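Grab your viewer and let's work through a few exercises together. Try each task yourself before reading its solution.

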Amino acid sequence: MCFMNLSSKMIAVLGSTGSIGTNALEVIEASGGRLQAIALSAHSKLDQLLAQAKRHKPRWIIATDPKAAKAFDWSALPSETELLTGPAALAEVVARDEVDLVLAAIVGIAGLESTWAALDHKKTVALANKEALVVAGPLVTQLAEQRQALLLPVDSEHSAIFQALQAGKSSEVDRLVLTASGGPFKDFSPFQLKQVTVAEALEHPVWDMGPKITVDSATMMNKALEIIEARWLFGIPADQISVVIHPQSIVHSMVEFVDGSVIAQLSPPDMRLPIQYAFYYPDRVAGVAERLDWDRAFSLEFEPADTDQFPALKLGFDCAEAGGTAGAVLNAANEAAVGAFLAGELHFTEIVPACRSVLDSHSFEAQPSLDQLIELDRWARQEILSWVCP
Ligand code: NAD
Ligand code: MG
């Protein structure tokens, strides 16, 4: 089923076993050979990585956890696929001439180095890994500009904004409006929130996503990260970004122009569409994503998002306004806090206050280097330990 086509776009799918990665492989599979997976990577679930390799016959697969890779039986790997191990192999593979586009779909700061390497080698990057922009937005976008590498959003809100921005000039943009489903606990009382279990936090009402972003959606930290992502990706100040609650997740986000016109992108919640849009950009093609059914009545609701009700949003706005080291500290604190929550070591309601406390206690630097950001990432993770009850 896999055939070589000289005009295929060769895609390195980093994080291929995740929610975005598997959706991306469906888009590639439906492309009739116009897209091909030239590389796949995974950290765990190596049986799934092997199955993907058998199906897509990529040139390279990367098992980023060397210990797990060593313990795994690779004897069934297709003969045309080379196995590489360890995180450094990600940066090596994305630099190869044969790679046309890199899908950055690794979760967390672990995705930053390969995103950086891909842009550094002038590759087009389809960016799902929002954490790279949260941690180092100004540096990442500056690198993309210097290398003239395309940085295309995959996050559905940012893909929607990217599409809506095409309706006017950048000088005519008044406001970006990010939509948020509100997550599973939108109408919970403070008492109910205190009782939230890991299993409940992992049940998102609309989207089927990996565990970290699902918890981020429940705390609304995902929207906080997306405010910061939008701030750097589109170069729009924090006070020109708004968030509205839209439980149906059909309007994926909007741009309000100076004349008051609001341009939105609508489609059912299905990540295959923004992935496909980035893969084929600037073209649009018919694809596998679900479509709206105009023969069926449906309503779209919008409510203001209250930063008192969702304190994570305030964190997002504060970090987008401050810039510098703020995003890196917030991201690391949140990754560590979510990890602790998933391990049963931190209450759901402690995630956001723990992040606020670590953010407020760090020594802010306005123009940090990448090394300083990575050092602060370590520091913030350590700080979260004081909140954790083993
Ligand atoms: P996931 O947990 O389902 O998958 C993560 C992938 O990254 C897996 O392939 C995993 O093996 C790999 N990985 C995990 N840790 C790694 C490490 N230390 N080194 C290298 N690889 C590692 O996550 P996901 O839901 O697919 O999300 C991926 C990224 O896309 C995240 O940054 C998330 O915020 C973003 N995103 C996801 C969605 C969604 O619908 N899932 C939507 C928008 C943005
Ligand atoms: Mg999103």
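**Exercise 1.** In which loop is proline 282 found?

*Solution.* Keep in mind that we're working with a predicted model. Start with the elements on either side: proline 282 sits in the loop that runs between helix H12 (272-280) and strand E12 (303-304). Next, check the peptide bond that joins tyrosine 281 to proline 282: this one is cis, with omega at about 10°.

**Exercise 2.** Find the loop that holds lysine 122, then look up its phi.

*Solution.* First the location: lysine 122 belongs to the loop between helix H5 (112-120) and strand E6 (124-127). Now the backbone: phi of lysine 122 comes out near 60°, which is a positive value in a residue other than glycine.

**Exercise 3.** Describe how the protein chain is divided into domains, and work out what joins domain 1 and domain 2.

*Solution.* Step one is the bounds: domain 1 covers 9-153, while domain 2 is made of 184-219 + 324-390. Step two is the spacing, with the C-alpha centres of the two domains 25 Å apart. The contact draws on twelve residues from domain 1 and 15 residues from domain 2. Step three is the area: domain 1 and domain 2 bury about 980 Å² between them, and 68% of that is on carbon and sulfur atoms. Finally, scan for charges, and you'll get one salt bridge across this interface.

**Exercise 4.** Which residues does lysine 212 form salt bridges with?

*Solution.* Apply the cut-off, a side-chain nitrogen within 4 Å of a carboxyl oxygen. Glutamate 131 passes, as its closest N–O pair with lysine 212 is 2.9 Å apart. Aspartate 216 passes too, with the closest N and O atoms of that pair 2.9 Å apart. Then look at the sequence spacing: lysine 212 and aspartate 216 are separated by about one helical turn because they are four residues apart in helix H10 (residues 211-219). For the full tally, the rule gives 20 salt bridges.

**Exercise 5.** Work out the packing geometry of H14 and H15, and list who meets whom.

*Solution.* Begin with the axes: helix H14 (residues 326-342) packs against helix H15 (residues 351-360) at an angle of about 145°, and the axes are 9 Å apart. The handedness of this crossing is right-handed. Now the contacts: H14 brings Ala326, Val329, Leu330, Ala333, Asn334, Ala337, Val338 and Phe341, and these meet Ile351, Cys355, Val358 and Leu359 of H15. Sort them by class and you get eleven nonpolar residues, one polar and no charged ones.

Key: Residues numbered from 1 in each chain as written. Chains lettered and ligands numbered in written order. Predicted model: local features only at pLDDT ≥ 70, side-chain atom pairs only at ≥ 80, totals over all residues. Heavy atoms only, no water. Axes fitted to C-alpha atoms, helices over the stretch in contact; angles between N-to-C directions. Helix = DSSP H or I, 4+ residues; strand = E, 2+ residues; numbered from the N terminus. Left-handed = near helix turned anticlockwise from the far one by under 90°. Contact = heavy atoms within 4.5 Å. Nonpolar A, V, L, I, M, F, W, Y, C, P; charged D, E, K, R; others polar. Domains from an automatic or database assignment. Buried area = accessible area lost by both parts, 1.4 Å probe.
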